[in-house]
Amino acid sequence: MADKTLGAYNIADLREMAKRRLPRGIFEFVDRGAEDEVALRNNRQAFEGIKLKSRVLADVSSRSLETTLFGKTYSMPLGISPTGTAGLLSYGGEIAIAQAAAKANIPYTVATPAMTSMEEIAEQVGGELWFQLYVWADKAQSYKFVERVKSVGYKTLIVTVDSVVGYNREYNHKNGFEVPLKYTPRMLAQLLAKPGWFVSCLLPQLLRRGIPKYENYPAEMKDKITAKTFDGSKMKNDTLHWDDLKVLRDRWPGTLMVKGILHPDDAALAAACGADGVIVSNHGGRNLDASVAPIQILPEIAARVGGKTTVIVDSGFRRGTDVIKGLALGADFVMTGRPTLYGTAVAGEAGAARAIEIFGDEINRVMGQLGLHSIDEITRDCLWEPSLSP
Ligand SMILES: Cc1cc2nc3c(=O)[nH]c(=O)nc-3n(C[C@H](O)[C@H](O)[C@H](O)COP(=O)(O)O)c2cc1C
């Protein structure tokens with residue numbers, strides 16, 4: 001029988017395996033951060049200084065990770081963040097991750113720039129699907145798009161607001177993987193250097209679906225990622241304003257969340273515009289390199305809007321202990337981006353499932369080590385806060 005662990009005992013193992021399997025430019029697109037990658041490193045380092053206090057002799061033989069969010073009960077307090085290019089990591093990568101999430105009973109977020117359409121993902125995957133929206137410069141086009149998301153049956157809309165002016169990811173200039181992709185001998189050499197990925201991902205993609213495209217985009221915007229006409233400026237929207245959020249609130253009857261919040265005042269503004277939740281996120285360290293880590297600002301945001309508005313956090317979560325720290329610091333739920341991308345690059349759906357399983361096992365074990373039986377027992381009391389000691 002195949003080894004269900006895939007030889008990966010933690011998320012870092014999956015990352016190393018994905019690095020070996022993927023062409024360099026694609027791995028770096030997933031893995032790296034903006035500019036000097038200070039935010040990327042800080043997202044991880046910020047967890048190290050947070051310490052947990054164990055309780056003992058608590059009969060932890062029965063433990064449950066079940067978590068209820070917006071009236072739905074999930075198997076654990078973890079969901080999958082939207083990521084645009086899973087289809088470049090394994091064939092049909094978005095479906096692979098969404099299926100792994102559905103089988104694990106956790107939510108998966110379809111990204112606006114997915115390489116599989118929202119219709120196909122909804123049709124093939126039975127689980128809880130959320131949809132992430134980038135509002136385009138052409139707002140009328142975006143509102144039409146929201147109608148389509150609604151008509152496909154999505155009930156949760158996440159509006160990402162931290163990417164309105166683009167980003168500075170210098171490694172993309174250096175490794176040659178910029179959209180529109182240009183066929184250069186260096187790029188072709190990178191692709192051919194990874195025959196396992198080439199045969200299992202790129203070849204079936206080209207034969208069955210053609211050159212990868214952002215499949216959700218309306219026809220007039222849907223260029224192949226290699227097309228010279230591909231115009232990134234259509235994607236950006238630096239006029240985005242709270243008034244636009246109010247319009248979206250009026251148009252979206254389901255759950256509405258705002259992703260990319262890093263200031264308590266913005267969390268309060270989002271709630272005032274009618275958002276049901278905020279996602280505290282620095283886009284995984286991919287945008288503003290001097291950004292505070294979400295786990296660092298989370299307590300201030302939770303103190304401001306927690307209890308009134310759902311607070312979710314992502315960026316840098318790689319261990320069960322990280323998830324528990326996020327919940328103890330005031331989050332209702334945690335999301336994760338790269339881990340299931342590494343997983344799907346390694347082994348499609350099985351790899352994404354392995355990433356989710358690792359999180360679940362680790363959360364479960366750490367709850368036992370802390371003397372906890374259920375997720376709602378994870379409170380600030382689990383944290384060692386010397387400044388609060390007498
Ligand atoms: C390859 C990649 C693509 C992403 N694409 C999107 C996207 O289309 N929309 C979005 O809101 N966030 C996007 N993100 C950010 C994630 O939703 C999430 O905030 C981030 O990955 C969390 O950090 P983590 O990877 O350390 O868990 C992307 C992240 C990665 C790594």
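**Ligand shell, core and helix packing**

In this predicted model, the ligand is a good place to start: 25 residues surround it, and the closest are Ser 81, Thr 160, Gly 284, Gly 337 and Arg 338. By class, this shell around the ligand holds 15 polar residues, together with six nonpolar and four charged ones.

Attention can now turn to the nonpolar interior. The largest nonpolar core comprises 106 residues, and those with the most contacts inside it are Phe 131, Val 258, Val 278, Val 280 and Ala 331. Helix α14, spanning residues 338–370, contributes the most to this core, giving 15 residues. For Val 278, the contacts beyond its neighbours within four places in sequence are with Met 257, Val 258, Ile 261, Ala 267, Ala 270, Val 305, Thr 309 and Val 311.

Two helix pairs round out the picture. Helix α13 (residues 320–328) meets α14 with axes that come within 7 Å and cross at roughly 65 degrees, and this crossing is right-handed. On the α13 side the contact is made by Gly 320, Thr 321, Val 323 and Ile 324, while α14 supplies Phe 359, Glu 362, Ile 363, Arg 365 and Val 366. Five of these contact residues are nonpolar, two are polar and two are charged.

Helices α11 (residues 264–272) and α12 (residues 294–305) pack at an angle of about 35 degrees, their axes 8 Å apart. The crossing of α11 and α12 is also right-handed. Here Pro 264, Ala 267, Ala 268 and Ala 271 of α11 touch Glu 300, Ile 301, Arg 304 and Val 305 of α12. This contact of α11 with α12 has six nonpolar and two charged residues, with no polar ones.

Note on methods: Residues are numbered from 1 along each chain as its sequence is written. This is a predicted model: local features need pLDDT of at least 70, side-chain atom pairs count only at pLDDT 80 or more; totals for chains, interfaces and linings use all residues. A nonpolar core is a set of buried Ala, Val, Leu, Ile, Met, Phe, Trp, Tyr and Cys residues joined through C-beta atoms within 7 Å. A residue is buried if 20 or more other C-beta atoms lie within 10 Å of its own, exposed if 12 or fewer, and partly exposed in between; C-beta atoms are placed from the backbone. Helices (H or I, at least four residues) and strands (E, at least two) are DSSP runs, numbered from the N terminus. Two residues are in contact if their C-beta atoms, placed from the backbone, lie within 7 Å. Axes are lines fitted to C-alpha atoms, for helices over the stretch in contact, and angles run from 0 to 180 degrees between N-to-C directions. A crossing is left-handed if the near helix is turned anticlockwise from the far one by less than a right angle, and right-handed if clockwise. Ala, Val, Leu, Ile, Met, Phe, Trp, Tyr, Cys and Pro count as nonpolar, Asp, Glu, Lys and Arg as charged, and the others, Gly among them, as polar. A residue is near a molecule or strand if its C-beta atom, placed from the backbone, lies within 6 Å of it.
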